[in-house]
Amino acid sequence: MSRQIDHCQLQVQLTPGSGAWTTVTELSEAEWTGFAPAGCGVDQGRVIALPDDSDSALLDPDAPDRTWRLVDPQGQPLFEFLGFVDDRRPRAKGRIVLGISTTPELLGDWSELQPAAAD
């Protein structure tokens, strides 16, 4: 299962449970890869996206798990999850990778990506 949205905003909750969100960066081509295969160190998949600002100090791979959310251009949450910045994955073409530690609930206008046909 994989889903994609063309444009959204990445936000983080710096104080757990506070309800206050801090914008990290705008994202384009954000994709939720769905549930990851066993043994890759990620329970519930990954978000792979192209950020406007990949140098933000909030994208620290050494930080503990934080609550993240993606918000559409109209300000509506697309989904929220506990996760981490994954620096073990290659960052092709300037992309960031967020590992997801909890099962997210997808909301909003995500497009389902069809798996490639097997030859």
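A single salt bridge is counted in this predicted model, taking a salt bridge as a side-chain nitrogen of Lys or Arg within 4 Å of a carboxyl oxygen of Asp or Glu. The partners are Arg95 and Glu29, whose closest N and O atoms are 2.6 Å apart. This pair ties together distant parts of the chain, with Arg95 in the loop between E5 and E6 and Glu29 in strand E2, 66 residues apart. Arg95 is buried at a relative accessible area of 18%, whereas Glu29 is partly exposed at 36%; buried stands for under 20% relative accessible area, exposed for over 50% and partly exposed for the range in between (1.4 Å probe, protein chains only). Glu29 also has a backbone feature to look at: a positive phi of about 55°, although Glu29 is not a glycine. Its place is within strand E2, residues 22-32.

A few conventions help in following the numbers. Residues are numbered from 1 along each chain as its sequence is written. As the model is predicted, local features need pLDDT of at least 70 and side-chain atom pairs count only at pLDDT 80 or more, while totals for chains, interfaces and linings use all residues, and side-chain values use heavy atoms, with hydrogens and water left out.

The protein chain has seven strands and zero helices, where helices (H or I, at least four residues) and strands (E, at least two) are DSSP runs numbered from the N terminus. Of its 119 residues, 43% count as buried. The accessible surface, from the Shrake-Rupley method with a 1.4 Å probe and, for residues, only the protein chains shown as cover, comes to about 6,600 Å², and 47% of it belongs to carbon and sulfur atoms. With contact meaning heavy atoms within 4.5 Å, 56% of the contacts between residues at least 6 apart in sequence join residues at least 24 apart.

Strand E6 (residues 96-100) is largely enclosed by the rest of the structure, because five of its five residues are buried. Ile96, Leu98 and Ile100 point one way from E6, and Val97 and Gly99 point the other way. E6 pairs in the antiparallel sense with strand E3 (residues 46-51) over four bridges, and with strand E5 (residues 77-85), also antiparallel, over three; pairing calls for at least two DSSP bridges between the strands. Within these pairings, Val47 stands opposite Leu98, and Gly83 has Ile100 as its bridge partner.

The largest nonpolar core, a set of buried Ala, Val, Leu, Ile, Met, Phe, Trp, Tyr and Cys residues joined through side-chain atoms within 4.5 Å, has 22 residues, and those with the most contacts inside it are Leu10, Val47, Trp68, Leu70 and Phe79. Two or more residues each come from strand E1 (3-13), E2, E3, strand E4 (66-71), E5 and E6. Beyond residues up to four places away in sequence, Leu10 touches several residues, including Val24, Leu59, Trp68, Ile96 and Leu98.

Ring pairs link Trp32, Phe79 and Phe81 into a cluster, where rings of Phe, Tyr and Trp (its six-membered ring) pair if their centres lie within 6.5 Å.

Leu50, in strand E3, is partly exposed at 26% relative accessibility. Its C-alpha atom is separated by 5.5 Å from that of Leu27, 23 residues apart along the chain. Setting aside neighbours within four places in sequence, the contacts of Leu50 include Glu26, Leu27, Lys93 and Arg95.

Note on methods. Phe/Tyr/Trp six-rings, centres within 6.5 Å; stacked < 30°, edge-to-face > 60°.
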